[in-house]
Amino acid sequence: MNPTRMPALFLGHGSPMNVLEENRYTQAWRQLGASLPKPKAILAISAHWYTRGTAVTAMERPRTIHDFGGFPQALFDTRYPAPGSPALAQEIAALLAPVKVHADSAWGLDHGAWGVLIKMYPEADIPVVQLSIDGTQPAAWHFQMGEKLAALRDRGVMLVASGNVVHNLRLARWEEGAEPLPWASAFEQYVRDNLRWQGEAGAHPLVNFMQHHGAALSNPTPEHYLPLLYILGSRQADEPVTVPVEGIEMATLSMLSVQVG
């Protein structure tokens, strides 16, 4: 194992209110930031930048995007002023060739990205570049993108993807302490059981996640699940996979987080 290789993380980000609140999930994110080697830069991959084609933020100062509604003003007042890195954006575009990567100067960091990074690295002193998720591509393609991005980890760049492996707000139960629905628990366990599987992308159980009986309810749309595949794709053969924190909130929202390396 390369001792200088940066870990790769998938963080179940949950509600934007985690920015303002302290709970066992945010405590786990803080602990990761405190205990892992400090990266030279971060590549963020968030469920909330779901595009046609692939783009990467290429500005010096990415803006903080408040892509939500109905929350307290304090959340909208929060900023995460991490610098960008046009040089890293160029490096990412080169690694992903022949995929055409658009150098974006308009997006910034959405709450799926900054909402977890603000807990991990509250000083906002690490350059962050965000990569979009091409919603026109199949799951295996996203896993293979992770394989290409793995080289960044040996250059001091941490991959931090965020989403939720179970994400069905339509069926969510908003009462305090709602028990997870059986299909949500079953699908989360399926993900957990297959995190360490290794082999070709096309045969990976978590690439072929829609074969699970609970997948369609757990992911009515795939954008919150796909970020996990970038992290699993970046795994090298000798690397451990661990679960820093897990849990299902509101009966249908998995907060499972995954660490590779």
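A residue counts as buried here when its relative accessible area is under 20%. Keep that cut-off in mind, because it comes up again and again in this predicted model. Take alanine 124 as a warm-up: its relative accessible area is 7%, so it lands on the buried side. You'll find alanine 124 in the loop between α4 and β5, and its backbone is a bit of a curiosity, with a positive phi of about 55° even though the residue is not a glycine.

Let's zoom out before going further. The protein chain is built from 8 helices and 10 strands. Its radius of gyration is 17 Å, close to the 18 Å that the globule rule gives for 261 residues, so the chain is as compact as a globular protein of that length. If you'd like to picture a box, the C-alpha atoms fill one of roughly 45 × 45 × 35 Å along the principal axes. Of the 261 residues, 59% count as buried. Contacts tell their own story: among those between residues at least 6 apart in sequence, 81% join residues at least 24 apart.

What about the outside? The chain exposes about 10,700 Å², and carbon and sulfur atoms supply 53% of that area. As for charges, there are 19 positive and 24 negative ones, and the mean positions of the two sets are 4 Å apart.

Now head for the strands, starting with β2, which covers residues 41-51. This strand is mostly covered, with 9 of its 11 residues buried. Which strands does β2 pair with? One is β6 (residues 157-163), which runs parallel to β2 and is joined to it by 6 bridges. Within that pairing, leucine 43 has leucine 159 of β6 as its bridge partner. Another is β5 (residues 128-134), also joined to β2 by 6 bridges and also parallel. Here you can look for tyrosine 50, whose bridge partner in β5 is isoleucine 133.

From there it's a natural step to helix α4, residues 111-120, where 10 of 10 residues are buried. The buried set includes Trp114, Leu117 and Ile118, and also Lys119. What covers these residues? The cover includes the strands we just visited, β2, β5 and β6, along with β1 (8-12), α1 (24-35) and α2 (73-77). Follow the chain out of α4 towards β5 and you pass through the loop that holds alanine 124, the residue we opened with.

Alanine 124 has a counterpart in backbone terms. Alanine 251 is not a glycine either, yet its phi is positive, at about 75°. This alanine sits in the loop between β8 (248-249) and β9 (253-254). Is alanine 251 buried or exposed? With a relative accessible area of 0%, alanine 251 falls under the 20% cut-off and is therefore buried.

One more backbone detail deserves a look. Alanine 97 and proline 98 are joined by a cis peptide bond, with omega at about 10°. Proline 98 belongs to the loop between α3 (86-96) and β4 (101-104).

Let's finish at serine 218, which is part of helix α7 (residues 215-218). Its relative accessible area is 0%, so serine 218 is buried too. Which residues is serine 218 in contact with, leaving aside its neighbours within four places in sequence? They are Val165, Val166, His167 and Asn168, plus Trp183, Ala184 and Phe187.

Notes. Residues are numbered from 1 along each chain as its sequence is written. This is a predicted model: local features need pLDDT of at least 70, side-chain atom pairs count only at pLDDT 80 or more; totals for chains, interfaces and linings use all residues. Side-chain values use heavy atoms; hydrogens and water are left out. Helices (H or I, at least four residues) and strands (E, at least two) are DSSP runs, numbered from the N terminus. The radius of gyration is taken over C-alpha atoms; the globule rule is 2.2 Å times the number of residues to the power 0.38. Buried means under 20% relative accessible area, exposed over 50%, partly exposed in between (1.4 Å probe, protein chains only). Contact means heavy atoms within 4.5 Å. Accessible areas come from the Shrake-Rupley method with a 1.4 Å probe; for residues, only the protein chains shown count as cover. Lys and Arg count as positive and Asp and Glu as negative; His and the chain ends are not counted. The place of a charge is taken as NZ of Lys, CZ of Arg, CG of Asp or CD of Glu. Two strands pair if DSSP finds at least two bridges between them.
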